[in-house]
Each structure stands twice: as C-alpha cells, then as structure tokens.
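Visitor: I should like to learn how the terms used for a protein structure are justified. May we go through them one by one?

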Amino acid sequence: MFKSINEQVVKLLSPHLATYYRIVAVDKESETVILFTDRNPEEIEEELAMVLDFNYVLKEVNSNQIDQLLERYYFDNHNTKQSTVLKELPFDNTFLDSLILEAKLLKSSDIHIESFENRGRVRIRIDGLMVERYSLVKSDYPALINKIKILSNMDIAEKRLPQDGRIHYSKNGENFDMRVSVLPTLHGEKVVLRLLNNDATNIQIESLGMSSEDLERYLQGVKNPNGIMLISGPTGSGKTTTLYATLKYLNKDTTNILTIEDPIEYTLEGINQVQLRENIGLTFGAAMRTFLRQDPDVIMVGEIRDPDTANMAIRAALTGHLVLSTIHTNSAWGTISRLIDMGIPGFLIANTLNTSVAQRLVRLLCPACKVTQRMDDSLYPKQFQPYFQVDEHAVAKGCNQCFYTGFKGRKAVYEIIPLDKELSSEIKKENLQVDSLLQERKIKSLGENAYNLFAQQQTTIEEIYPLLINY
C-alpha cells in the first residue's frame, strides 16, 4: 500500500482536514486526486466539495489502512498521545523507505536506530529533542542494519569497529543525502542517519531570525570585498544554515565562490563546492592553498579547527578575498581569544577580521498548548540581573501537535560584532576586556536576545537558562 503513495499529492491536504474527515490523498490521475477514506463517501462528499479546491474521487478502504496513513503522513493533528509512538512495527522491505520519508516529513535532523537486550527502537530528533517512534522486534534488527550498511557501501561483515558512510536517497519525489555512522554497542550496532537537506531554495538571509539592527550589521560585513567573517557556536546551532544563506545572498554571475565543506549539506548552483577528504590529504588547509590559485572572490571554509587553516584564512583575507567560516567558541568576542590561542598575532586578526558572530538555536513553545504563569524571580540563575522586569512567562505543557514535548520549531538568536577601528586597536594590544565598548555600540549579547524571546512568551526560562548563566 505505501509504495503507491504519491508524496507530492499527500501535501494537497492539511493535517486538520485529513484527520477531521479521515481522508488521505494518495495519488493523482490526470487532474483528479484519489482520496482514500474509511467513512461512507456519500456522507462527506457534499462537505468536501465545498472545502476542497480540486477535483477528486473517493475510494473506501478499511480503518486500519487509514489509521496507518494518517499516522505516517498527517502527523500534526492526530488524536491521541499513543498515536505518536508505534509500539511494534513488523520489519519488511518497505520499512526503511517509510522511516526515511517519515523523518523527512517531520523535518527531523537525525534517525537513531538502537539495539537493546530484548528489542530494538527507532528515535528521531525533532527540533533538537529525541522522540521515540518505533519499537523493533529483535530478530528483525540485523536485517535492517545490513540493509543500511549495503546502501552506504559499508562492510556488512565488520561488526566490531565503527564505520562511516553516505546514502544518496532519490525516491518518491525526494532527493537528498544522508550521512551514516555505525557504532558497535553491547547488544548490537547503533546506527545514526543524519539527513542533509540539499534544497537551499527557502534559505533567505532575511528570514534567519536576526533583529533589524543585527541584520544591518551582518550585511555590512557581507558587503565587504575582503576580510574574514566568523560564526561561532556549538554543533547543531545553525551555523551552516547561516553560512549558506550568506552564500546565496552573494551568489551572482559576476562572483567566483569556492567552498570546502564536511559534509556538503546543501547544493547551490553557481557555487563551486568541494567535499573534505582528509584520508587522501584534502584538508581544509590544503584546499585553501589551491583555492588561492583559482581566482576566487569569496571563499567558504566549513570550520577553522587548527592553526594551519586559520593561517590560510588570514592569508586569503590579506590578499583581497572575503572568507566565511565557523569556529567553536562561546561568544562572538571569544572568537578573538580562540584565534590568539591558535598562535595568530593580534595585529593580523585586527587587520583581517571584519565581523564576528555567535549564534544559538532556541526551541519555541508550541502555540497550541503553552500555558502562562506568574513570574517567580527565583527561576533566574543566581546573580543574574534581568534586563527588564517580566511579570508573566509561558511554560511548556505538551499536546499531540508537538509530540507532547511542549515545543514546536526553533529560532536562532545572534550576537553580531562588527569590528571598527577602536575595537581593532584593542585586538592589536590583545586587550580582550571590551565590555564597555560593546555596550556603547548597543550590541546585544546572546543572553539579551534570548531573554527578549522569553519575555515575548515564545520560549521558557529553562530553554534560555544556559545563555543567562554565561552571558
């Protein structure tokens, strides 16, 4: 049954309509959409004719089929808490395809397949949080792992060592890559599939979540013909998405853009993208040396992780190129001390770094179930001074629309520091105590921007707590 589902036609119905009328759009013949339902077609046809703006034909099927299709394709408004987790799912040849498509529809970033003593389970990461979806019969587990290994060109006989691979998925109208990691554990091999979104059409620099002031500062740095722009933050904080939005903004027929990435998460036409291959010597530093002989205007380096790459980025900026990259630090100003720790002289940093950015992703409360309460100042971290008074705040509750997590979606918060002459002068002196200068420029920290989201009741105090401690 699942093989016949047309993924593009499914999207013609909203989750609310599908679950209310118990209908599923499964295919399209000519200009007529085929709808499955377990209700009497005569009872709902008159109403559907008023609410649907396309030609359709209703086909009656049994309730079990409708339940499975609603669970898989119209997950947002399903009726019960139990429906968000399928306790047992028999393994068959279509299971992996169905699982991958479901994760894609749920906008999941990772699929975790894990083995325990008596069972296996499948969890997916949605908005940064793990949600259990399926429980597997233990006897079916090895066949699933072997199928994934074969698709990702791994050695199926090797079960003692970790392995890494990649799958290009191109079925049912979907076209994307997955990075695969296999780890031997006590009761079997654990597999993690990272879904890489190749579609960059919806990434716009204006929709990243920056305030108007921060966006103006950021674009000021992007428009510079040379220098380095560095984005800092931990893994999974949205740095790569910000970089790709910037590349899309800069991508013109008159500009030569080169990137070295690990992995290539989005493909952008007009940009020359290179996949890192450290096993054959194609490192960030080695690629940068070659890039300088390729007449580039803009260079994007996936990550500055060692002094060699940092020095090559400095060299590229000094010779008139705009360099974009990421680095692991806790704050935008902390990037400077990280570069100094790598052995880069202060005067070189001051002459090349034009903008330093820090970002984090904050989970947003589910608007359908969040609850408002009076604010208790004891919820703040000790010694934290609120930026302004908040009388009421929102807390997470949980409902079927958010998988009972209380959160739905994420938003990036930024700290953006454009380097002017005075700040550059302090860097040359390697004086990193510049809080007063940043306050004069009205540069908001990560903590302040996160606090604004909390005050607007878009997120919880627990979600922004780490940012209030450090900033």
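Visitor: What makes strand β15 count as mostly covered?

Guide: Please bear in mind that this is a predicted model. Strand β15 spans residues 353-365, and twelve of its 13 residues are buried. Buried stands for under 20% relative accessible area, and strand β15 is therefore described as mostly covered.

Visitor: How do you know which strands pair with β15?

Guide: Two strands pair if at least two bridges are found between them. Strand β10 (residues 227-232) shares five bridges with β15, in the parallel sense. In that region, leucine 230 stands opposite serine 356 in β15. Strand β18 (residues 407-418) is joined to β15 by ten bridges, and these two run antiparallel. Here valine 357 stands opposite isoleucine 416 in β18. Five bridges and ten bridges both satisfy the requirement of at least two, so β10 and β18 each pair with β15.

Visitor: Why are α4 and α5 called oblique to each other?

Guide: The axes of helix α4 (residues 63-73) and helix α5 (residues 95-105) cross at roughly 50 degrees and come within 9 Å. Angles under 35 degrees count as roughly parallel, and 65 to 115 as roughly perpendicular. The crossing angle of roughly 50 degrees falls in neither class, nor is it over 145, so the two helices are oblique.

Visitor: Which residues meet where α4 and α5 are in contact?

Guide: From α4 come Glu71, Arg72 and Tyr73, and from α5 come Ser98, Leu99, Glu102 and Leu105. The residues of this contact divide into three nonpolar, one polar and three charged.

Visitor: What makes aspartate 110 and arginine 194 a salt bridge?

Guide: Side chains of opposite charge can pair when their charged atoms come close. The cut-off is a side-chain nitrogen of Lys or Arg within 4 Å of a carboxyl oxygen of Asp or Glu. For aspartate 110 and arginine 194, the closest N and O atoms are 2.6 Å apart, so the pair qualifies as a salt bridge. The partners are 84 residues apart, with aspartate 110 in strand β4 (residues 110-115) and arginine 194 in strand β9 (residues 188-196). By this rule, the count for the model is 20 salt bridges.

Visitor: Why is aspartate 110 called buried, and why is arginine 194 called partly exposed?

Guide: Aspartate 110 has a relative accessible area of 5%, which is under 20%, so aspartate 110 is buried. Arginine 194 has 27% relative accessibility, which lies between 20% and 50%, so arginine 194 counts as partly exposed.

Visitor: Which residue forms a salt bridge with glutamate 114?

Guide: The partner is lysine 190, with the closest N and O atoms 3.1 Å apart. This pair also links β4 to β9, and the two residues are 76 residues apart. Glutamate 114 has a relative accessible area of 8%, so glutamate 114 is buried.

Visitor: How do you know that arginine 121 and glutamate 132 meet in a salt bridge?

Guide: Their N to O distance is 4.0 Å, and the cut-off is within 4 Å, so the pair is accepted. Arginine 121 lies in strand β5 (residues 119-126) and glutamate 132 in strand β6 (residues 129-137), eleven residues apart. Arginine 121 is buried at 16%, whereas glutamate 132 is partly exposed at 24%. Salt bridges that share partners join Glu114, Arg119, Arg121, Arg123, Glu132 and Lys190 into one network.

Visitor: Why do β6 and β7 stand at the edges of their sheet?

Guide: Six strands form an open sheet in the order β6-β5-β4-β9-β8-β7, with antiparallel pairing. β6 and β7 (163-171) each have a single partner strand, so one side of each is left without a neighbour in the sheet. Neighbouring strands of this sheet are turned by 20 degrees against each other on average, direction ignored. Within the sheet, β4 and β9 pair over four bridges, and histidine 112 stands opposite valine 192 in β9. Helix α6 (residues 141-151) lies across β4, β5, β6, β7, β8 and β9, running at about 45 degrees to β9.

Visitor: What makes serine 424 a buried residue?

Guide: Serine 424, in helix α13 (residues 421-428), has a relative accessible area of 11%, which is under 20%, so serine 424 is buried. Leaving aside neighbours within four places in sequence, serine 424 is in contact with Ala350 and Leu419.

Notes: Residues are numbered from 1 along each chain as its sequence is written. This is a predicted model: local features need pLDDT of at least 70, side-chain atom pairs count only at pLDDT 80 or more; totals for chains, interfaces and linings use all residues. Side-chain values use heavy atoms; hydrogens and water are left out. Axes are lines fitted to C-alpha atoms, for helices over the stretch in contact, and angles run from 0 to 180 degrees between N-to-C directions. Contact means heavy atoms within 4.5 Å. Ala, Val, Leu, Ile, Met, Phe, Trp, Tyr, Cys and Pro count as nonpolar, Asp, Glu, Lys and Arg as charged, and the others, Gly among them, as polar. Buried means under 20% relative accessible area, exposed over 50%, partly exposed in between (1.4 Å probe, protein chains only).
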